[in-house]
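Student: I've got this model open and I'd like to talk through its interfaces. Can you take me through how each label is earned?

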2 protein chains.
Amino acid sequence: MSPRNPASPAPPARRRDSAATKEALKHAALEAFTRSGYDGVGLRQIATAAGVDPRLVGRYFGSKAELFAETLELTTESQPMVPPITQDAAAELLTRPRAEDYLNGYLMTIRSTSNPEATAILREFIERNGAEPLAARLTGPHRDARAALLIAINMGILLMRDILGTTALTNEQAKELVPYLEAAFKAVAGSRDEDAEPDTGLGG
Amino acid sequence: MSPRNPASPAPPARRRDSAATKEALKHAALEAFTRSGYDGVGLRQIATAAGVDPRLVGRYFGSKAELFAETLELTTESQPMVPPITQDAAAELLTRPRAEDYLNGYLMTIRSTSNPEATAILREFIERNGAEPLAARLTGPHRDARAALLIAINMGILLMRDILGTTALTNEQAKELVPYLEAAFKAVAGSRDEDAEPDTGLGG
C-alpha cells in the first residue's frame, strides 16, 4: 500500500515519469522560444520554468537544437503553422480573429533566424510540413517552387496583419481583399497551361 | 594654433561633435537591433559599441524607442525595406543574389515584434514608407489594403527565400516562378474593373 495520501497534490517534478518530464520541458520551451527566439533563451531557464533539474535536459533532448526541433513539432498539434491553402484560405487569412494560438510556430520562426542551426531546422520543418504536402496537391510544372511561393504569401500576411497589425489589413477594408488574394493564390496554384480546364489548381 | 598633431588619429569619441556621436550611436544600434531585435539589446551595449558614454544616449535620443525609430530610418538610406513594386519586382525578388545589406530593416522588424512599442514603430514605418507610396500608384478601390497586401507578399518572400533559404526558392527552379509571381502581383495591383484596359495596375 502506498504511503502517499491519495488526496495530496501532484507529485513534485523530480518524481514525474520520463514522458511527463519531457512534455513539461517541451511546453516550457514552446513558451520561451515563442517569446524570445532560439538565441534569446537558455536551457537552464526552460528547465526552471518546467520545474525540472537543468542537468536532466540533456538526457531527454541531447541538445538545445533537438529540444527546439521537438518543440516545433508540438506547434502543429493544435494548429498547423502553414494552414492548408484551400479555396477558403484567402478569407480565413484575412478575416479570422487575431489570436496568439495559431501564431506559435510562426513566432518561433521569425524570432529564431539569428541562429543558423535553428534556421536550418525551421527550413526543413516548413518544407516537410507545409511545402511538400501542398506541392503534392498542385498540378503542372515547378510544383515545389509554387508551393513554397504560396506559403511565402501566407507568411507575409501573418507578419503584416497578425503580428504587425497593419491598419489596412485589420480594419473593415480587409475583407474586401479576399477576391484579390484568391486571385493571387490562383495565379500561383492554378495551371498556366492555357489548354487546361480552368480551376484553382487545388484539389479537395 | 592647435597643439594637436595634424597626423594624429581621429579624436576619441568623447571629443566628437554631436552629429558624429549621434551617427555613431545609430550605426551601432543598427548592427545590434538587426542582430538581436529590440528586446535583445540594451542601450548600454549600443553606447559601448559606439564608443560613447552610455549616460549620453538619453541626451541624443530621449529613449530606446526613439533610437530604434531613428535607426529604422537609417535602413532606407541605402535600400528601402519595401522595394518599389514595379514590373520587374517579381524577377528582382526571386533572382537577386542573397545578401545582408537589403535585409537590415526586415531583420529589425521580424526580430523586434516581441515588444509592443517597437511593433507600433515598425507598423507606422512600413505604412509610411511602403504602403502609402505604393497605394498612391494604384487605381481602383481599396488601394490602401491592396498596397498592404502587395507588401505582405514581398515580405513573405524575404522570409522564405532570403532568410530561411527555402530550397525551392533558392535553386535553379526559382527563376521559373517569375511569371507566377508577376501574375499574383497583377491580381492584386491590377484593376478588377472588367471594362478597364488590361494593365499591371502599376504606373511608370
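Tutor: Sure, and let's start with a term: a polar contact is a pair of N or O atoms within 3.5 Å, where one must be able to donate a hydrogen and the other to accept it. Keep in mind that this is a predicted model.

Student: How many residue pairs in polar contact are there between domain 1 of chain A and domain 2 of chain A?

Tutor: The count is 4 residue pairs, both partners at pLDDT 80 or more. Helix α1 (residues 18–36) of chain A gives the most to domain 1's side of that boundary, with 5 residues. By class, that side of domain 1 splits into 4 nonpolar, 3 polar and 2 charged residues.

Student: Where do the two domains of chain A run?

Tutor: Domain 1 covers 18–67 and domain 2 covers 76–204. Their contact takes 9 residues from domain 1 of chain A and 10 residues from domain 2 of chain A.

Student: What area is buried between domain 1 of chain A and domain 2 of chain A?

Tutor: About 850 Å², with carbon and sulfur atoms giving 57%.

Student: How many salt bridges does the rule find across that domain interface in chain A?

Tutor: It finds 0. The rule wants a side-chain nitrogen of Lys or Arg within 4 Å of a carboxyl oxygen of Asp or Glu, so no pair across the interface of domain 1 and domain 2 of chain A counts as one.

Student: On to the two chains. What makes the relation between chain B and chain A that of a two-fold axis?

Tutor: Chain B can be laid on chain A by a turn of 180 degrees with a shift of 0.0 Å along the axis, and the RMSD is 0.0 Å. That is the relation of a two-fold axis.

Student: How do you know which surface the copies meet through?

Tutor: 100% of the interface residues of chain B are also interface residues in chain A, so the copies meet through the same surface. In numbers, 47 residues of chain B are in contact with 47 residues of chain A.

Student: And what does the interface of chain B and chain A bury, and on which atoms?

Tutor: About 4,100 Å², 73% of it on carbon and sulfur atoms. Several helices of chain B each supply at least two residues to its side, among them α7 (116–135) and α10 (178–189). The largest share, 15 residues, comes from α8(B). By class, chain B's side has 27 nonpolar, 11 polar and 9 charged residues.

Methods: Residues numbered from 1 in each chain as written. Chains lettered and ligands numbered in written order. Predicted model: local features only at pLDDT ≥ 70, side-chain atom pairs only at ≥ 80, totals over all residues. Heavy atoms only, no water. Least-squares fit on C-alpha atoms with pLDDT ≥ 70 in both. Contact = heavy atoms within 4.5 Å. Domains from an automatic or database assignment. Buried area = accessible area lost by both parts, 1.4 Å probe. Polar contact = N/O pair within 3.5 Å; in protein donor to acceptor, adjacent residues only side chain to side chain. Helix = DSSP H or I, 4+ residues; strand = E, 2+ residues; numbered from the N terminus. Nonpolar A, V, L, I, M, F, W, Y, C, P; charged D, E, K, R; others polar.
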